[in-house]
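The following exercises are to be worked through with the sequence and the model side by side. Each task is followed by a solution that goes step by step.

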Amino acid sequence: SNVRVIDASFPMPGEQRDTRAEHESKHIKSATFFSLKEVKDTESKFALMLPSAQVFAEHVGKVHGVSNNHHVIIYDNNPKHGIFSAARLWWMFRVFGHNNVSVLDGGLPKWCEHGGETAAGPSQAVDAAEFTPKFQSQLVKNFEQISEALSSKSHQVCDARSAARFNGEANEPRKDLPSGHMVGAISMPFPTLVHIEEKLMKSPDALKEVFKNANVDLSKPMMATCGSGVTACVIAMAAFVCGKEDVPVFDGSWTEFVQRAAADRCENLQFAQPQA
């Protein structure tokens, strides 16, 4: 078959979950497990930065049997939202030049609800394939680029973290970092892009409404950011579903920005209160 199914489940901030163990207890039949925690830039001090094109290509070819001719379908097991980390791997494939990639709406919970076939045990070994990456630099932004975009107002920068974190009213998952936001950023919590009862991505029309309510003009340049580069990809995917396929993600997101930016480039900064 020319389809490869990949489980990209990843714990949400604060969740104590072993998603590889969960995969081994139940996954879509024929799916392999992709670890966002392991396949990354291991030299970076920031948690989940993109790996090099070569590292990515070797990994998806050897471990997942993905060639440039495969249709890749990614899902995650997120009982709360139906979508979370699958969007990050979807974006990674596109960054490395593979556009024949989809996300299973509703993920594993929806698949099971509809009686889809599952299996247990470690991912089955796949036939290794040759994947040739073609880096798409326009889909990823670094600290200098987002700083420039914010000061020149060239892009609408949408932040997928919760409104409470954005407004400095809740702690960041990393206790040593303050919450708050980049001056000029727009709050767009990623659950607003999901139909919470259904645990599915909202329809294109409903998504357009979310962007409109946030005063985001989909005909103008945009960038997405979040805490560490995962849920920003949900914003990029929501824009994609609305026909805007060019939204880049700021890979280091708030974790990098707040540690590197001048104090006057950040607003509503709030450090975690020490627990008594």
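**Exercise 1.** Work out which strands pair with E8 and in which direction they run.

*Solution.* Begin with strand E10 (residues 186–187): in this predicted model, two bridges join E10 to E8, and the two strands run parallel. Within this pairing, Asp159 stands opposite Ser187 of E10. Turn next to strand E13 (residues 222–225), which is joined to E8 by four bridges and also runs parallel to E8; here the bridge partner of Asp159 is Thr225. Finally, consider the two faces of E8 (residues 156–159), which are both covered: Gln156 and Cys158 are buried on one side, and Val157 and Asp159 are buried on the other.

**Exercise 2.** Establish the order of the strands in the open sheet that contains E1, and find which strands lie at its edges.

*Solution.* The open sheet is formed by four strands in the order E3-E1-E4-E5, with parallel pairing. The edge strands are E3 (32–33) and E5 (101–103), since each of these pairs on one side only. Helix H3 (residues 86–95) packs on this sheet, where the helix touches E1, E4 (71–75) and E5, and the direction of H3 makes about 170 degrees with that of E5. To check one pairing in detail, take E1 (residues 3–7), which two bridges join to E3 in a parallel arrangement; Ile6 stands opposite Thr32 in E3.

**Exercise 3.** Locate Ser85 and decide whether this residue is buried or exposed.

*Solution.* Ser85 is placed in the loop between E4 and H3. Its relative accessible area is 0%, and because buried means under 20%, Ser85 counts as buried. Leaving aside neighbours within four places in sequence, the residues in contact with Ser85 are Ala8, Ser9, Phe10, Leu36, Asp76 and Val230. For a distance across the chain, compare Ser85 with Gly227: the two are 142 residues apart along the chain, and their C-alpha atoms are separated by 13 Å.

**Exercise 4.** Describe how H3 and H8 are arranged relative to each other, and which residues meet where they touch.

*Solution.* The axes of H3 and H8 (residues 232–241) come within 8 Å and cross at roughly 70 degrees. Angles of 65 to 115 degrees count as roughly perpendicular, so H3 and H8 are roughly perpendicular to each other. Their crossing is left-handed. From H3, the residues Ala87, Arg88, Trp90, Trp91 and Arg94 meet Cys233, Val234, Ala236, Met237 and Phe240 of H8. Sorted by character, the residues of this contact comprise eight nonpolar, no polar and two charged.

Notes. Residues numbered from 1 in each chain as written. Predicted model: local features only at pLDDT ≥ 70, side-chain atom pairs only at ≥ 80, totals over all residues. Heavy atoms only, no water. Pairing = 2+ DSSP bridges. Contact = heavy atoms within 4.5 Å. Axes fitted to C-alpha atoms, helices over the stretch in contact; angles between N-to-C directions. Buried < 20%, exposed > 50% of the residue type's maximum accessible area, 1.4 Å probe, protein only. Parallel < 35°, antiparallel > 145°, perpendicular 65-115°, else oblique. Left-handed = near helix turned anticlockwise from the far one by under 90°. Nonpolar A, V, L, I, M, F, W, Y, C, P; charged D, E, K, R; others polar.
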